[in-house]
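Reader: I am new to reading protein models. Could we go through this one together, step by step?
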Amino acid sequence: MAQQIRDNERPLTRQEALALKNRRTLVTVFQMSWILVFVSLVIVNLQIRSTIQDLPALTPIQFIPPLLATAAILISGWTAHQGVKAIRANQRDTFLIQWRYTLVLGGAFLAVMIAIFIFNPYVGIPQYGAIFRVMIGYHAVHALVIGGWMIQVFRNAQAGAYSPRDYWGVEAAAKLWYFVIIAWILFYVVLFLI
Amino acid sequence: MATVTAPLPGSVTVHEENRLRISDYLKWSVDHKIIGVQYAVTALFFFIIGGTLAMMIRWELLTPALDVAVDGTQYNQFFTMHGTIMIFLWIIPMWAAFGNYLVPLMLGAKDMAFPWLNAFAFWLIPPAGILMIMGYFAGQAEAGWTSYPPLSTLFSPGDGQTMWAISIHLLGLSSILGALNFIVTIRNMRPEGMGYFQMPLFVWSILATSIIIVMATPFLAGGLTLLILDRVAGTGFFNPAEGGNVIMWQNIFWFYSHPAVYIMVLPGFGVLSEILSTHARKSIFGYRAIALSSLAIALLGFTVWAHHMFTSLTPDLRIPFMLTSMIIAVPTGIKIFSWLATVWGGKLRLTSANLFALGFLSMFVIGGISGVMLAAVPFDLHVHDTYFVVSHFHFVLYGGSVLAIYGGIYHWFPKVTGYMLNERLGKIHFWITYIAFFFTFFPQHLVGMLGMPRRVAVYAPEFQPINVIISFSAFVLGLSTFIILFNMVWSLVRKEKQIAGPNPWRALTMEWATSSPPPEHNFHGEPVPFKNPYGYGTEAAYHYLEEQEKELGPSYPQTMEPHKKPSLVQAHAASGD
């Protein structure tokens, strides 16, 4: 135990610091790159929409759940950030609580997405209905995969992993979750607001 | 002429201990040098397949009637696979080979930032290539490398077209992963004292290429996903009859594929900068201009895509895209003039590497000029979908990329293997390639302007005489490829090998500051970069190379020093160091 505490307090070696810097750069550049797949789908969506005279207005039951899901995923971003801050401050219990909130909110978001995918409000409009479903499904797959990683991070943390010195797993999961949030905001604006 | 056939004293011990077996290259490895060679050998394999298809195309076009292909569909399959293989499985992976092998060495690093990811990116390529070729048994892709719908959807019933799209998806993923690795490596792993403007220009070119890959390839991924859904899930995103739009695919495809031209040629620019400066024994002219023009090309490359669609584009948009397409010639011109100024007044060594670099310079300029011609809307409308276009992009991609690849092989083969390539064979290879290339592709301008359409197996009889010249030149060009393949194999297996030593070209970039081939972690101790990687002809460069030779041992002296060496100091003075 004492050894572990000493390890946690030891500053990163030059190689460890470089490896961490490399990982952070990789995730940042990857996010900048991969968001462009979402942008390409947005462009296709707008292109198809430009050929449709009148898109039917959404009913309250079609509009409110995605709005609530958006609120949920935005709050989950904040709780994930609090989780990262907690693990950096060596407050494992706080981390587990915040991360649990994140998972619950993320799960709620995903459930709404699955419902929207199944009960597609634009199913009667051939290509627009299809691109709507592709966008929802594509985003949901990302949320699912990264959510799965966050569950694994949670389990690791419960088993004692991560420390203020070594919390890359938490940081990476949080950063990818932020990516899911930003991608969703992009989609939400296009699919439900404009 | 002094020919060293015996091992050079001092270089042998290091050289032998770094030797790898063939089996080392056939398995998973995270060593960037092994991965670089794996990329290169894989790309060369696909180059032969793509080249064979080119020969079949030219055989078919020897006469105006159908000869080789049983019908037009099979001919479509020939050029579809030829174009796709040459772009996605030859040129792009070959540049990944150069980048993987050289970037860490040029930066003085032990490896890439993410060795495992590097290996994973490579190992996506063989299955993707096999998947694409296996499409032959499922109804080969036949919609051209551009895969325009409805040709690639409604009129390509075979599953080979779907396999093609999945294969391109995998190759795109491989490219993105490789590019991410390059960006992180270049940003974070430069040694102390090497700022961005002290990096070798080849590293700059790989950085610019990687930026294009990570920004453009995701668009192709999005488009391909929709194309696959159209083929397998019954959607109609690109089918106007179902409310889709075929032009949408063209926009997405060219938003990736025009920048992809720069993905294929920017690393060649980097190779050229290295070779011309080293073999002219002269500092590169306009270092910053060359470096920044790579970035300018990378950014401007995203503003020109619709010039591929002038005939289908809204007329109002033609002029803006014509202007951007012409503007992109400016940074390219900056490079061309900088290279000319580099060789001007230099002590030019007409080595095989340098001949190919000079060949690139001359042929790429022709491709560039015809590119500016095609950027002009009235001319483009006239020659759209003719052999003029075929000629233009082969001058860029063969006269540019492939000649640069050859030059790069002659330049760095000694570093990779520890052995020199045969210079006489190299020069024979150059002259046959250069002449045959010119007579293969230049006459295509003429038939194009006379109206011969591309992508046809049956053509008007009046075009036959020129097509005969083109086809026979193409056969010679195809055969010339085997000269370099033979040269590489012969250099490795002949009894009296020409040991290269660490720095046979007396170059100043860091990959030469280690033994050939380099040891497992690249350098013996901590490498110190020379302050100016192109500072040839200076006192400091002379002393740097002197110290390097003392430390690492002598190198193959045939090409960079005079034949009758009166004294070491005079020899160095003559070699421009």
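Reader: What share of the 194 residues in chain A is buried?

Author: Happy to start there, and please keep in mind that this is a predicted model. A residue counts as buried if 20 or more other C-beta atoms lie within 10 Å of its own. In chain A, which has 194 residues, the buried share is 30%.

Reader: Which elements make up the secondary structure of chain A, helices or strands?

Author: Walking from the N terminus, you meet the order α-α-α-α-α-α. The C-alpha trace of chain A spans about 70 × 30 × 20 Å along its principal axes. The count for chain A is zero strands and six helices.

Reader: Which helix gives the most to the side of chain A that touches chain B?

Author: The contact involves 21 residues from chain A and 26 residues from chain B. On the chain A side, α2 (14-49) and α5 (126-158) each supply at least two residues. With 15 residues, the helix that gives the most is α2(A).

Reader: And how many charged residues does the side of chain A that touches chain B have?

Author: Let's sort that side of chain A by class. It has 13 nonpolar and seven polar residues, and the number of charged residues is one.

Reader: Moving to chain B, how are α8(B) and α9(B) oriented to each other, parallel or antiparallel?

Author: Helix α8 (residues 246-280) and helix α9 (residues 287-300) of chain B have axes that come within 11 Å and cross at roughly 175 degrees. Angles over 145 degrees count as roughly antiparallel. The two helices α8(B) and α9(B) are therefore roughly antiparallel.

Reader: How many residues of each class are in the contact of α8(B) with α9(B)?

Author: From α8(B) come Y262(B), L266(B), F269(B) and S273(B), and they meet I290(B), S294(B), I297(B) and A298(B) of α9(B). Sorted by class, this contact has no charged residues, two polar and six nonpolar.

Reader: Is R281(B), in the loop between α8 and α9 of chain B, buried or exposed?

Author: R281(B) is worth a look, as its phi is positive, about 50 degrees, although this residue is not a glycine. Around R281(B) there are 20 other C-beta atoms within 10 Å. The cut-off is 20 or more, so R281(B) counts as buried.

Reader: What about R506(B): buried or exposed?

Author: R506(B) sits in the loop between α16 and α17 of chain B. Its phi is near 50 degrees, a positive value in a residue other than glycine. Because R506(B) has 23 C-beta neighbours inside 10 Å, the verdict is buried.

Reader: Where are the buried residues of α10(B) around the axis?

Author: Helix α10 (residues 315-327) of chain B has 13 residues and reaches 19 Å from its first C-alpha to its last, close to the 18 Å expected. The buried ones are F321(B), M322(B) and S325(B). They cover an arc of only 115 degrees around the axis, so they lie on the same side of α10(B).

Reader: Then which exposed residues are on the face turned away from the buried side of α10(B)?

Author: First, the buried side: α12 (352-375) and α13 (377-383) of chain B are among what covers its residues. The face turned away from that side carries D316(B), I319(B) and P320(B).

Reader: One last thing: what is omega for the cis peptide bond from S516(B) to P517(B)?

Author: P517(B) lies in the loop between α16 (464-493) and α17 (539-552) of chain B. Another cis peptide bond joins P149(B) and P150(B), with omega about 5 degrees. For the bond from S516(B) to P517(B), omega is near -5 degrees.

Notes:
Residues are numbered from 1 along each chain as its sequence is written. Chains are lettered from A and ligands numbered from 1 in the order in which they are written. This is a predicted model: local features need pLDDT of at least 70, side-chain atom pairs count only at pLDDT 80 or more; totals for chains, interfaces and linings use all residues. Helices (H or I, at least four residues) and strands (E, at least two) are DSSP runs, numbered from the N terminus. The expected span of a helix is 1.5 Å times one less than its number of residues. A residue is buried if 20 or more other C-beta atoms lie within 10 Å of its own, exposed if 12 or fewer, and partly exposed in between; C-beta atoms are placed from the backbone. The arc is that of the directions from the helix axis to the C-beta atoms. Two residues are in contact if their C-beta atoms, placed from the backbone, lie within 7 Å. Ala, Val, Leu, Ile, Met, Phe, Trp, Tyr, Cys and Pro count as nonpolar, Asp, Glu, Lys and Arg as charged, and the others, Gly among them, as polar. Axes are lines fitted to C-alpha atoms, for helices over the stretch in contact, and angles run from 0 to 180 degrees between N-to-C directions. Angles under 35 degrees count as roughly parallel, over 145 as roughly antiparallel, 65 to 115 as roughly perpendicular and the rest as oblique.
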